Amino acid sequence: MATGRTHRPATRSRGIPEATVARLPLYLRALTGLSERSVPTVSSEELAAAAGVNSAKLRKDFSYLGSYGTRGVGYDVEYLVYQISRELGLTQDWPVVIVGIGNLGAALANYGGFASRGFRVAALIDADPAMAGKPVAGIPVQHSDDLEKIISDNGVSIGVIATPAGAAQPVCERLVAAGVTSILNFAPTVLSVPEGVDVRKVDLSIELQILAFHEQRKAGEGALADPDTDAPPVRGAAHAAAAAAAHTVSARTAHADRKGPDGDMPAVMPA
């Protein structure tokens with residue numbers, strides 16, 4: 001079986017837009033659900049609704065894959081599962097290391113969806129000597145002193161960082177120096193990486209701040225719509241802070257196509 005070290009997905013060479021690549025896992029998740037229910041075909045409208053996009057966007061995305069469906073029949077579910085899996089590089093084995101085995105790292109190690117989607121947790125790494133040798137999800141934790149050897153021995157090209165913010169950049173630099181070229185960052189900090197290294201960032205606090213912004217906006221609109229309420233529209237420092245957070249995320253998302261320092265486009269985690 002091929003490993004992630006020597007094989008890379010062909011999406012860039014084929015000119016598939018990053019926005020389309022970001023939606024492919026959504027289609028794959030919806031298609032996998034249909035496949036598990038033995039549904040043979042699906043229309044673009046049905047699949048778009050299941051994936052949470054509009055059907056015109058879905059048909060455009062699939063055109064990049066060379067898949068156009070059959071009029072009056074729709075798309076072959078099994079073939080699309082294979083086609084998207086191949087495009088995402090999921091028809092091969094991708095060994096992954098998780099660095100930082102605290103609560104979050106342990107939860108990631110115990111996540112059962114990695115193996116079924118083409119990812120194998122090859123090693124768990126932590127800087128705490130007391131953690132060395134302790135099994136988490138059936139995998140013994142290894143000390144960070146051995147990080148470079150672990151990556152080399154397992155042919156790892158994808159690393160997951162779940163460390164505290166202060167440790168994330170040094171860990172990132174060691175991963176990159178050891179040959180890792182893709183990083184999923186859960187640490188609440190922006191990582192600086194060289195050209196050719198892809199970083200996807202998952203920041204739950206930012207997502208919650210965006211939701212808080214929308215909740216305040218809805219509360220404010222409700223107050224304006226009800227003439228009998230004594231509550232003024234939501235204003236003040238909290239509103240400004242939430243708006244600033246949303247503006248920051250919006251600005252980062254606008255630059256999500258960049259490589260190098262975090263693209264900050266939210267990573268898609270399969271359910």
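Which helices each supply at least two residues of the lining of the second largest pocket? The answer opens the first of the legends below, each of which describes a close-up view of a predicted model.

**Figure 1. Lining of the second largest pocket in the predicted model.** Helix 5 (103-109) and helix 8 are the helices that each contribute at least two residues to the lining of this pocket. Helix 8 gives the most, with 4 residues. The volume of the second largest pocket is about 180 Å³. Its lining comprises 17 residues, and those that lie nearest the centre of the pocket are Val99, Ala127, Thr163, Ala167 and Val171. By residue class, the lining divides into 10 nonpolar, 5 polar and 2 charged residues.

**Figure 2. Helix 1 and the elements that pack against it.** Helix 1 covers residues 18-36, and its 19 residues should span 27 Å at 1.5 Å a residue. The C-alpha atoms at its two ends are 28 Å apart, which agrees with that expectation. The buried residues of helix 1 are Thr20, Val21, Ala22, Arg23, Leu24, Tyr27, Leu28, Ala30, Leu31, Gly33 and Leu34. These buried residues pack against strand 1 (41-42), helix 2, helix 3 and helix 4 (77-87). Two of these partners, helix 2 and helix 3, appear again in Figure 4.

**Figure 3. Two residues other than glycine with positive phi, Ser38 and Ala137.** Ser38 follows helix 1 and is located in the loop that runs between helix 1 and strand 1. The phi angle of Ser38 is near 60 degrees, a positive value in a residue other than glycine. Ser38 is classed as exposed because its relative accessible area is 63%, over the 50% cut-off. Ala137 also has a positive phi, near 55 degrees. The loop that holds Ala137 lies between strand 5 (135-136) and strand 6 (139-143). Ala137 has a relative accessible area of 37% and is therefore partly exposed, a class that lies between the 20% and 50% limits.

**Figure 4. Salt bridge between Arg59 and Glu45.** The closest N and O atoms of Arg59 and Glu45 are 3.6 Å apart, within the 4 Å limit for a salt bridge. This pair links distant parts of the chain: Arg59 belongs to helix 3 (residues 55-64) and Glu45 to helix 2 (residues 44-51), with their positions 14 residues apart in sequence numbering. Both partners are partly exposed, Arg59 at a relative accessible area of 36% and Glu45 at 48%. The model contains 7 salt bridges by this rule.

**Figure 5. Salt bridge between Arg174 and Glu148.** Here the closest N and O atoms are 2.8 Å apart. This pair, too, links distant parts of the chain, with Arg174 in helix 8 (residues 165-177), Glu148 in helix 7 (residues 147-154), and the two residues 26 apart. Arg174 is partly exposed, with 29% relative accessibility, and Glu148 is likewise partly exposed, with a relative accessible area of 34%. Helix 8, which carries Arg174, is also the helix that gives the most residues to the lining shown in Figure 1.

**Figure 6. Salt bridge between Lys218 and Glu215 within helix 9.** The side chains of Lys218 and Glu215 meet at an N to O distance of 2.7 Å. Both residues lie in helix 9 (residues 204-225), where they are 3 residues apart, about one turn of the helix. The relative accessible area of Lys218 is 48%, so this residue is partly exposed. Glu215 also counts as partly exposed, at 47% relative accessibility.

**Figure 7. Surroundings of Pro188.** Pro188 occupies the loop between strand 8 (182-185) and strand 9 (198-201). At 56% relative accessibility, Pro188 counts as exposed. When neighbours within four places in sequence are left aside, Pro188 is in contact with Ala165, Lys201 and Asp203. The C-alpha atoms of Pro188 and Pro164 are separated by 7.5 Å, although these two residues are 24 residues apart along the chain.

Definitions and conventions: Residues numbered from 1 in each chain as written. Predicted model: local features only at pLDDT ≥ 70, side-chain atom pairs only at ≥ 80, totals over all residues. Heavy atoms only, no water. Buried < 20%, exposed > 50% of the residue type's maximum accessible area, 1.4 Å probe, protein only. 1 Å grid on protein atoms, 1.4 Å probe; cavity = no way out; pocket = protein on both sides within 12 Å on 5 of 7 lines; lining within 4 Å. Points joined across faces, edges and corners; volume = space filled by probe spheres on them. Nonpolar A, V, L, I, M, F, W, Y, C, P; charged D, E, K, R; others polar. Expected span 1.5 Å × (residues − 1). Contact = heavy atoms within 4.5 Å.
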